[in-house]
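Q: Please take a close look at chain A in this model. I would like its fold, its core, its unusual backbone spots and its contact with the partner chain described in one go.

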Amino acid sequence: MIKFHKSSPHKDAKRVLVIDDEPTFTRMVKLNLEGTSNYIVETLNESRRAVEVAKEFTPDIILLDVVMPEMDGGDVALNLRNRSATKDIPIIFVSAMVSLQESKKGFYQSGGEHFLAKPVDKETLCGAIETVLSTSQ
Amino acid sequence: MDTGTGGQYTIRHVETLDKLRSFNLESICDAILLDMRFGRDYSLETIRYIGEQQVGVALIALCRDHEQLQRYKEEIHLLDDYILAERLVDGELSTRITHAIRRRLKEQELLRDKTLLQSLLDNVPDAIFFKDRDSRFTKVNRTMDTIYGKYHKSLIGKTDFDLFADEHARAAYNDEQEIIRTGESMIGKLEKETFQDGHFKWVNTTKVALKDNQGRMIGTMGISRNITELKKAQDTLAQERTLLKTIIEHALAGIFVKDLTGRYLVVNRRHIKYLGAQTEADVIGKTLYDFFGHEEADRISEADQTIMESDQGIENMVDHRHRADGSELWLLTSKVPLRDDSDRCIGLVGISLDVTEQKLNERKLKSTIQTLEETKLQLIEAEKLKTVGRLAAGVAHEVKNPLNVVSLGVEYLESHIEEPEELLQIVRDMSEAVKKANDVIFELLDYSSPHKVKMEPANINELISHVLCLMRHNFNEAGIQVEELLSDDTKPVRMDAPKMEQVFINLYLNAISVMKKGGTLTVRTEMMRMKSTGSNVSSAMTELFRIGDEIVVVEVLDTGTGLSQEEERKAFDPFYSTKATGEGTGLGLSVTRSIVEMHHGMITLKNRNDTPGACVRLLLSASTNNTDDD
């Protein structure tokens, strides 16, 4: 029998909100990030509720999918940035709709925004979060 | 006979004239003593006979007295001396005979000289004349008389003013007076003799002072030769020369003549410029080696030698040259062997047109066409891939999401499972599989994203080796030995490396497919220089390459079964394949050819000569420093 030891987060762990319409994806991101004990992760699959959940969870950073059925990532970001409570939370867009060069880079900036290209691995994910947090503080 | 002076004479006595006639007078005696007392008629006849002989025999008449002598008055001049018998003193006879003989010989000599002189005067074709101090003719020879005396009964006493227009007469008169004054001769003066009716002759005249026995100046003598025809010929020649010189000098082409050893003999202004020299003196006597690099001079000299040896000219050969100062020059040159009077080749004559400007324009045009073609290819490629690309991007997106879930899941598992080993292995395999799936998606995106054709100089050897290395596994699997015979001299070729890689991948795959039971694949490179455009060079090659172009040759040789005639003909057609259905699309070689053509190269497929199998030959222009060069 395999045993998974559930690690508890450090006291200064960062709060990450992951918004993606695909529950399996958000679950996997949560599992991987929390596995490092460096993050406390909240996931959201209905993009419409982004502002509400963000206000409640008060994340340090938001990972935001771009192509979503209810409301796409662009609109979600606009809403978040229009609210004073959420406007300063840094956002990393996570998308599969990127060019070949961009996907090869993994984490990159474009038009002043941060992007992560799918598929993304844990290392790139953590690296991106740390980079953005260190620059936004 | 005893002589008073001690001399001794032999005397022969001849009685009759008839007897005398039977002798050659000079051979029998030096003097004849004729006794006139025999009778007048007989004596006269004898005197006349001896006189007619004009021989060196002195004739002395022996008379009774003066009275008798007087009777021969009319023939007395034929006598050399006479002796009056009644007054003859002792010893006088022999003295008189001796003097008569001497006189006779002297006269004979004078006569001979006079005859010679007269004969000369009468027979030379030149006009000879003697003039007095006033330039009046005192004597002229026959030629002078014939030519100038036509309208005059006699020229004697006439002057040049009677024969010629004032223009010439005055000049001649002045010349003669000058000679008389100074005594100096006038040698070989070219004179234009203008006649009173206006026509003229060209003569070459020599005049000298004429002096008498005492050395007193008595006039002039001269000789004139008519050189009108010669002068005309000379003038014509000079005119032709001037004409030729003008044509050569002002021709809108470079004109030159070289001797057998390649030294310039004649060169016009334009050609001096083509050679990069300043003056004619900088070029005459020099050779090509003084103006061009050694290799280039060698090449042209060799061609010149061929022309002179084969006695066959060339027409409109395009000649690309580099001057010592580095500037480029294109000449359209025609050359023919130069022959002497006996038809021996003594050099060559050439004419060159500067077509540098046209060539540069052609280059520009070519470069434009090349860009256009590359753009066209890019457009086709873009068009072709647009649809595929759109599809691929959509698919990729759809696949990437679930794939990411799997990959993150596997990653999570990987970091949490420590045992058992089997399970860990499963997870690792899954991770590997996901990576592969990821790579496929990348490749799909890579394939569908539009490619820019990027031409850059690169070493084909490196590319060949690189692709061989990539495909080593394929060769090993098929049991194929690879032989690389790559020349170190290979010059860079302008190419789009990924596309060119595709060429070799296709060629190698093809080779593998025809050597299923193993074999040897040989890849060979070498440099070649386009030397001529003769009949042994295919028209396709003539179209692509120019004389002097350096060409990189690549040969890919297999030891398969070779090609049928049909295969040789159709190999490059799209969708033509000898592979079984499902093994290949038949696009490989057709795409290969397109890529080679895009590089302005040439590809041929033929059976090998040495052993069964096929030989693919690729010809590519070596890159020159000039990026817009062909």
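A: The description below goes from the layout of chain A to its core, then to its loops, and last to the contact with chain B.

The model is predicted. Chain A has 137 residues, of which 36% are buried. Its secondary structure consists of 5 helices and 6 strands. Read from the N terminus, these elements follow the order β-α-β-α-β-α-β-α-β-β-α. Of the contacts in chain A between residues at least 6 apart in sequence, 60% link residues at least 24 apart.

Next, the core. In soluble globular proteins, nonpolar side chains tend to be buried together. The largest nonpolar core here holds 35 residues, and those with the most contacts inside it are Val16(A), Ile19(A), Val29(A), Ile62(A), Leu63(A), Leu64(A) and Ile92(A). Ile19(A) can serve as an example: leaving aside residues up to four places away in sequence, Ile19(A) touches Leu44(A), Ser47(A), Ala50(A), Ile62(A), Leu63(A), Leu64(A), Asp65(A) and Val76(A). Apart from this core lies another, of 34 residues, which includes Ile480(B), Val523(B), Val556(B) and Leu620(B).

Two loops of chain A deserve a check of the backbone. One of them joins α2 (50–57) to β3 (61–65) and contains Thr58(A). Thr58(A) is not a glycine, yet its phi is positive, near 45°. Thr58(A) has 13 C-beta neighbours inside 10 Å and therefore counts as partly exposed. The other loop runs between β6 (113–117) and α5 (122–136) of chain A and holds Pro119(A). The peptide bond leading from Lys118(A) into Pro119(A) is cis, with omega near 0°.

For comparison, chain B also has a residue other than glycine with positive phi: Ser135(B), with a value near 65°. Ser135(B) sits in the loop between β4 (127–132) and β5 (137–140) of chain B. Ser135(B) is buried, because 20 other C-beta atoms lie within 10 Å, whereas Thr58(A) is partly exposed.

That leaves the contact between the chains. On the side of chain A, 18 residues take part, and they are in contact with 20 residues of chain B. The elements of chain B that supply two or more residues to the side touching chain A are α12 (356–416) and α13 (421–448). The largest share, 13 residues, comes from α12(B). Sorted by class, this side of chain B has 8 nonpolar, 9 polar and 3 charged residues.

Technical notes:
Residues numbered from 1 in each chain as written. Chains lettered and ligands numbered in written order. Predicted model: local features only at pLDDT ≥ 70, side-chain atom pairs only at ≥ 80, totals over all residues. Contact = placed C-beta atoms within 7 Å. Helix = DSSP H or I, 4+ residues; strand = E, 2+ residues; numbered from the N terminus. Nonpolar A, V, L, I, M, F, W, Y, C, P; charged D, E, K, R; others polar. Core = buried A, V, L, I, M, F, W, Y, C linked by C-beta atoms within 7 Å. Buried ≥ 20, exposed ≤ 12 C-beta atoms within 10 Å, placed from the backbone.
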